[in-house]
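Trainee: Please pick one part of this structure and take me through it slowly. I would like to see how it connects to what lies around it.

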Amino acid sequence: MKIIPCEVCGSQQHRLSFEGRDRIFGIPGVFKVVKCQECGLLFINPQPEPQELGKYYPKDYHESQSIRFKEYSWLRRKILETYWGYPGASTRQKLFQQWVLFPLRWRYRNSIHFVEKGRLLDIGCGNGTELYKLKKMGWETYGVEVNEKASERARSEGLSVFTGDLFKTNFPDHYFDVVRMSFVLEHLTNPRQTLVEIKRILRPQGRIYISIHNARSLNYWLFGKWWFSLDVPRHLFSFSIGTIKRLTSSLELKVKAVRFDSGTRTFLASLQYWVNDRHEKRILTQGKQSIYGSHLLRYLFRPLCWFVDRIRLGDLIHLEIIKT
């Protein structure tokens, strides 16, 4: 374990928020979650050494990822052609589709804008199922994945995926038009260095699409140490809009768009943690989870989650960032 300064502002001043433990797999260990007194970043400190982190990712963690290699649905392909510049539809077809499909556009509002003959890198691509879809839509795709089994599965489908971390890939300067990281940044020991490296390999005006959990969400305010998205000890950092903007602006990266998309899963899982601590004392993967597993509760809480996203307190953040 090692004590680190804040990754966002470099401050050594922080205060203990609470102690956390692994509530999903029950791996032993107690970890201090602190808050930077300068910028408000929430992070584990002291942190496990990089060589220790592997033991907190059991086999079940990677096996839970989907291994279904399918193209996007017909509807999604048509919406991508119409609104995000993907090839396929003629100008006349696009005009007609804009009128017909407009009410459904919001469902895919986090899609990546197409670049003709563009190169796309997916960091933490897992088995490559999303990379496979993007390749079918016309991208020249590349992936980076630390899990050997997952990256081998991706390569078996003809995808170009490197096993290891980004710094060992040696991609050329200004090589990519788009870099994607979906719920990866919070797992990294070096988010600042990673963004610096992404900036190096990204072309001018290139875009970074990042999805992270929101540490200034209503769910975190309600549940605190029971917040599902803390995922101690795998999530080393928990960002907010303020901290991620401060980090990116210090690297001359501009946040162009921020979107919230929560769903009911995190709220019900957090509530389940709170109940388990008081009554059942079980980890989330053991036994029947009456709250988290309830389809009725997921349906009933959808309107609340929709409202929370509208007031920008949602649990998940999707960012579109431009290299200036």
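**A close look at one pocket**

Mentor: Let's take the second largest pocket: 16 residues line it, and those nearest its centre are Lys-35, Gly-40, Ala-215, Arg-216 and Ser-240. (A pocket is an open set of points on a 1 Å grid over the protein atoms alone where a 1.4 Å probe fits, with protein on both sides within 12 Å along at least five of seven lines; lining residues have an atom within 4 Å of a point.) The model is predicted, so to speak of local features we need pLDDT of at least 70, and side-chain atom pairs count only at pLDDT 80 or more, while totals for chains, interfaces and linings use all residues. Residues are numbered from 1 along each chain as its sequence is written, and side-chain values use heavy atoms, leaving out hydrogens and water.

What is the lining made of? By class, eight of its residues are nonpolar, six are polar and two are charged (nonpolar: Ala, Val, Leu, Ile, Met, Phe, Trp, Tyr, Cys, Pro; charged: Asp, Glu, Lys, Arg; polar: the others, Gly among them). Two elements, α7 (218–223) and α8 (241–250), give two or more residues to the lining of this pocket. (Helices, H or I with at least four residues, and strands, E with at least two, are DSSP runs numbered from the N terminus.)

Follow α8 away from the pocket. Its residues Ile-241, Thr-243, Ile-244, Leu-247 and Thr-248 are buried (under 20% relative accessible area with a 1.4 Å probe, protein chains only; over 50% is exposed, in between is partly exposed). Their cover includes α6 (191–201), β8 (202–213), β10 (253–260) and β11 (316–323). Just past the helix, Glu-252 has a positive phi of about 60°.

Strand β8 brings us to His-213, which is found in it. His-213 is buried, its relative accessible area being 16%. Leaving aside residues within four places in sequence, it is in contact (heavy atoms within 4.5 Å) with Phe-183, Glu-186, Trp-227, Ser-229, His-235, Phe-239, Asp-315 and Leu-316. Ser-262 is 49 residues from His-213 in sequence, yet their C-alpha atoms are 9.2 Å apart in space.

Now return to Lys-35, one of the residues nearest the pocket's centre. Among the contacts of Leu-41, again without neighbours up to four places away, are Lys-35, Val-34, Cys-36, Cys-6, Phe-237, Phe-239 and Thr-243. Leu-41 also has a role in the largest nonpolar core (buried Ala, Val, Leu, Ile, Met, Phe, Trp, Tyr and Cys residues joined through side-chain atoms within 4.5 Å). Of its 67 residues, Leu-41, Leu-121, Phe-171, Phe-176, Phe-239 and Leu-319 touch the most other members. Helix α9 (residues 265–280) is the element that gives the most to this core, with five residues. Apart from it lies another core of 23 residues, including Tyr-83, Leu-120, Cys-125 and Met-137.

One last neighbour is the sheet. Strand β2 (residues 31–36) pairs with β1 in the antiparallel sense over six bridges (a pair needs at least two DSSP bridges). Phe-18 faces Val-33 of β2 across that pairing. Both strands belong to an open sheet of four, in the order β1-β2-β3-β9 with antiparallel pairing. At the edges stand β1 (14–20) and β9 (237–238), each with a single partner strand, so one side of each is left without a neighbour in the sheet.
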